[in-house]
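Here is a set of exercises to work through with the model open beside you. Try each task on your own before you read its solution.

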Amino acid sequence: MKFTRRVMMTAAAAMVAFSGAAQADGHQVLDEIHFLIPGGAGGGWDGTARGTGEALTESGIVGTASYENMSGGGGGVAIAHLIENAESMGNTMMVNSTPIVIRSLTGVFPQSFRDLTLVAGTIGDYAALVVPADSEIADMNGLLEAYRTDASSFAIGGGSVPGGMDHLVAAMAMEAAGEDPTGFNYIPYDAGGAAMAGLLSGEIQALSTGFSEAVALADQGEVRILGVTAPERIEGSDAPTMMEQGVDVEFVNWRGFFAAPGIDEAQVEAMRAAIAAMYETEEWEAVRARNGWVNIHNPGSEFETFLEEQETQIGDLMRTLGFL
Amino acid sequence: MLEGLMIGLQTAINPFNLGMVVFGCIIGTFIGMLPGLGPMSIIAIMIPVAITLGDPTAALILLAGVYYGAIFGGSTSSILLNAPGVAGTVATSFDGYPMARKGMAGKALTIAAISSFAGGTIGAILLMVFAPMLSSVALLFHSAEYFALMVVGLSAIAAFAGTGQVGKALMMTILGLIMATVGEGALFNMPRFTMGLMDLQSGFSFITLAMAMFALPEAIFLVMNPARSAQGGEGDSSGKITGLRITREEARAIAPVIGRQSVQGFFIGVLPGAGATIASFLGYAVERNLATKEEQAEFGKGSIKGLSAPETANNAACTGSFVPLLTLGIPGSGTTAILLGALIALNVTPGPRLMVDEPQVFWAVIISMYIGNLVLLILNLPLIPYIAKILAIPRNYLIPFILFFTLMGAYIGQNNATELLILVGFGVVATILRFADYPLAPLLIGFILGTMLEDNFSRSMQLYRGLGFILERPMTLGLLVLAVVLVLLPSYRAMRARKRAQGVADGD
């Protein structure tokens with residue numbers, strides 16, 4: 001797992017979920033859920049699964065929750081495990097996120113989301129382009145101006161590999177602004193902390209990162225958010241969207257849950273019902289607020305449509321960039 | 001500042017918070033001894049407990065105790081079993097384990113505890129005084145300088161290039177660098193050298209390689225050679241741990257090491273892209289170069305300076321890594337990233353305004369460091385004779401114990417059984433290499449520094465579109481020159497000594 005940055009930040013916060021397993025009362029939907037986590041303890045997937053499990057059990061929607069970490073292959077090991085042992089994994093929900101789309105496109109693992117049962121997309125984080133607070137660049141136009149003036153001394157950094165999420169977001173913005181998405185210099189860092197340090201030290205001029213991470217440093221007066229990939233301004237923040245500045249980019253890094261292929265339809269429906277009921281609970285609100293997650297609920301077929309759209313969006317761009 | 005210190009002290013010294021730090025230190029020390037569970041995982045495990053305390057100060061004090069306990073626990077397994085659980089304690093095993101084999105396990109643990117304490121405490125003082133000024137230092141380094149710093153770190157291998165071993169040490173380093181390229185790098189979105197195996201997608205895991213290079217061959221040597229007990233034949237044959245106390249000469253020898261490495265380690269820790277591992281290697285390399293010729297010969301064979309240097313630097317660097325965390329909100333290491341998450345969950349956002357907006361949290365962190373370090377020392381010194389007794393266990397029990405410990409360490413981090421196959425495979429290779437008298441430490445140093453070396457090098461290449469950064473950035477050039485000097489200086493000294501000896505002979 002290379003996208004350690006947003007991962008770790010939320011991670012710790014979400015580890016609270018260790019408490020788990022409170023007994024259910026009246027409105028229980030499911031007796032038990034087993035969470036399969038494709039990465040190690042303390043990662044972003046881990047935090048999402050344990051946070052969801054905490055909300056589900058403490059609100060009594062689910063009786064008990066158990067967790068299993070299975071890292072390897074950028075998530076591929078867990079996906080293969082879920083498919084191979086599908087018959088015995090009726091209670092299992094695997095957590096995953098945008099990289100399942102990117103990595104099946106690049107062929108890191110042979111499977112894709114189509115080989116799994118889609119339960120629901122649950123939360124997400126928008127992306128953002130930021131500059132240091134003392135930068136001369138004031139908005140998206142300023143950023144493009146700086147790039148057009150002197151492309152050779154202009155670099156955008158990010159916490160993912162070339163062709164990874166942060167790079168794609170920056171390339172999407174360039175493409176939407178009518179520039180060549182392959183033209184700018186993208187500097188990859190292996191973690192968010194290093195990328196942010198690179199930005200503040202002046203090594204790179206702008207940084208592509210997750211909104212929840214950017215907003216914390218913007219509140220501290222260290223960075224300025226130039227544009228967010230949300231359709232409209234996010235509640236409680238005055239950061240401008242890219243859309244309102246004429247850069248037509250919408251992108252969300254989602255997280256959601258998958259079940260084994262071919263499992264009982266009634267069981268999948270019960271899982272979806274449990275997640276849908278979860279959004280109404282105080283317990284979920286506490287977990288969500290603590291982690292700074294944005295509710296983006298996409299159950300069943302809506303999840304499929306969303307994933308297909310994202311696959312097209314990312315696939316097209318990666319072909320343009322020459323990664324496919 | 002004094003006022004802030006008093007606020008911090010007031011909150012920290014109440015029975016409940018003191019209880020928390022003791023609890024944290026004990027948990028940290030014992031879990032930290034298990035390889036595969038470094039400070040990062042232990043803190044992650046303890047965060048829910050800390051958050052349920054509700055009060056940020058109490059939570060931070062608990063976590064600081066866990067942190068320092070885990071670092072100390074990690075040194076224990078390096079010294080006693082040659083099984084470094086985290087990269088930061090690899091250099092500790094270079095001299096710590098040979099000391100334990102000479103029957104000086106107790107003394108080695110004592111030196112480690114005192115060095116850790118001094119490094120952590122001096123680091124905390126530096127943090128308290130200089131933190132606001134240092135936030136700009138943290139941003140002084142670009143990728144080019146980090147690359148140069150990693151090259152300086154690699155010069156630590158010179159310590160293992162004894163007579164006739166220069167070639168072998170270099171070959172092992174290069175092998176380590178090669179092994180670091182396996183998997184999906186940070187800068188390329190294609191897996192390299194994975195042979196299509198999904199288990200190699202993220203590269204070799206540090207803990208598996210460390211166990212395969214150090215702990216497993218040691219266990220195999222113990223099996224093959226009945227005369228070689230874990231404590232070595234030279235020591236007291238009854239298995240009693242002798243020489244727990246440090247003599248006055250020894251104290252005098254390590255005092256300057258501790259002084260230098262606390263400061264050096266702290267400043268390296270301040271840089272968000274460096275951290276405790278590089279600090280420990282650099283500390284080892286620098287102290288070896290500063291040592292006298294007789295002392296230099298001891299390095300790698302059980303030198304107290306060689307043990308004290310990385311232990312001090314490692315702890316000082318851990319403290320230093322709090323500078324970018326608290327003043328900029330930037331986590332410089334995995335552990336500080338987890339701590340940042342915990343702070344945010346407690347509604348504390350670190351950054352330039354933290355000291356102004358919430359001084360009590362800032363001071364609580366500093367005070368918790370002092371207390372964490374002190375409690376750890378008080379707790380551990382009396383425990384050392386008992387911990388060191390592990391080595392007095394009869395070999396027919398000790399060997400299975402080490403093997404179990406090693407296998408568990410490799411498995412626990414990844415929950416992946418393939419790691420065990422990799423461990424055994426490399427363990428056998430490492431044993432053969434040891435038979436052929438190849439030093440294995442350079443391999444591990446190369447592996448640990450390889451990824452960072454390559455990432456920073458390619459980033460600089462991409463930013464400057466070529467190698468121009470070496471000449472354009474004076475600090476990069478300076479560091480690279482320093483690396484060359486560190487490598488060549490010992491051989492130059494040796495050459496001069498040989499010439500002089502010859503001259504004397506000729507004159508006769």
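**Exercise 1. The overall build of chain B**

Decide whether the radius of gyration of chain B agrees with that of a compact globule, bearing in mind that this is a predicted model.

Solution. Start from the expectation: for 508 residues, a compact globule would have a radius of gyration near 23 Å. Chain B has 22 Å, which agrees. Next, look at the extent along the principal axes, where the C-alpha atoms of chain B fill a box of roughly 70 × 60 × 60 Å. Then turn to burial: 60% of the 508 residues in chain B are buried. For the secondary structure, count 21 helices and two strands in chain B. Finally, take the contacts in chain B between residues at least 6 apart in sequence; 79% of these join residues at least 24 apart.

**Exercise 2. A helix and its surroundings**

Compare the span of helix 2 (residues 15-32) of chain B with its expected value, then find what its buried residues pack against.

Solution. Helix 2 of chain B has 18 residues, so at 1.5 Å a residue it should span 26 Å. Its end C-alpha atoms are 25 Å apart, in agreement with that value. Now list the buried residues of helix 2 of chain B: N17(B), M20(B), V21(B), G24(B), C25(B), I27(B), G28(B), T29(B) and G32(B). These buried residues pack against helix 1 (2-12), helix 3, helix 4 (56-81) and helix 16 (359-388) of chain B.

**Exercise 3. One residue of that helix**

Work out whether T29(B) is buried or exposed, and name the residues that T29(B) touches beyond four places away in sequence.

Solution. First place the residue: T29(B) sits in helix 2 of chain B. T29(B) has 25 C-beta neighbours inside 10 Å, and therefore counts as buried, since the cut-off for burial is 20 or more. Leaving out residues up to four places away in sequence, T29(B) touches G69(B), F72(B), G73(B) and N380(B). To see how the fold brings sequence-distant parts together, take I71(B): it is 42 residues from T29(B) along the chain, yet their C-alpha atoms are separated by 7.5 Å.

**Exercise 4. Positive phi outside glycine**

For F193(B) and D437(B), give the phi value, the place in the chain and the exposure.

Solution. Take F193(B), where phi is positive at about 50 degrees although the residue is not a glycine. F193(B) lies in the loop between strand 2 (191-192) and helix 8 (206-224) of chain B. Its C-beta neighbours inside 10 Å number 12, so F193(B) counts as exposed; the cut-off is 12 or fewer.

Move on to D437(B), which is also not a glycine and has a positive phi near 65 degrees. D437(B) is placed in the loop between helix 18 (418-435) and helix 19 of chain B. With 9 other C-beta atoms within 10 Å, D437(B) is exposed.

**Exercise 5. A strand with two partners**

Explain why strand 7 (residues 206-210) of chain A can be called largely enclosed, and describe how strand 7 pairs with strand 4 and strand 5 of chain A.

Solution. Begin with burial: five of the five residues of strand 7 of chain A are buried, so the strand is largely enclosed by the rest of the structure. Strand 4 (residues 117-132) of chain A pairs with strand 7 in the antiparallel sense, over four bridges. Strand 5 (residues 155-158) of chain A pairs with strand 7 in the parallel sense, over three bridges. Now look at S208(A) in strand 7: it is the bridge partner of L129(A), and G158(A) also stands opposite S208(A).

**Exercise 6. Two domains in chain A**

Locate the two domains of chain A and describe the side of domain 1 that touches domain 2.

Solution. The domain assignment gives domain 1 (4-124 + 253-321) and domain 2 (125-245) of chain A. Their C-alpha centres lie 28 Å apart. The contact takes 16 residues from domain 1 and 17 residues from domain 2. On the domain 1 side, the elements that give two or more residues are helix 1 (4-14), helix 4 (99-106) and helix 11 (300-321) of chain A. Helix 11 of chain A gives the most, with five residues. By character, the residues on this side divide into seven nonpolar, seven polar and two charged.

**Exercise 7. Where the chains meet**

Find which helix of chain B gives the most residues to the side that touches chain A.

Solution. Start with the totals: the contact takes 47 residues from chain B and 49 residues from chain A. The elements of chain B that give two or more residues are helix 3 (39-52), helix 13 (322-328), helix 14 (334-345), helix 17 (395-414) and helix 19 (441-464). Helix 14 of chain B gives the most, with eight residues. The residues on this side of chain B divide into 24 nonpolar, 18 polar and five charged.

Conventions:
Residues are numbered from 1 along each chain as its sequence is written. Chains are lettered from A and ligands numbered from 1 in the order in which they are written. This is a predicted model: local features need pLDDT of at least 70, side-chain atom pairs count only at pLDDT 80 or more; totals for chains, interfaces and linings use all residues. Domain bounds come from an automatic or database domain assignment. Two residues are in contact if their C-beta atoms, placed from the backbone, lie within 7 Å. Ala, Val, Leu, Ile, Met, Phe, Trp, Tyr, Cys and Pro count as nonpolar, Asp, Glu, Lys and Arg as charged, and the others, Gly among them, as polar. Two strands pair if DSSP finds at least two bridges between them. The expected span of a helix is 1.5 Å times one less than its number of residues. The radius of gyration is taken over C-alpha atoms; the globule rule is 2.2 Å times the number of residues to the power 0.38.
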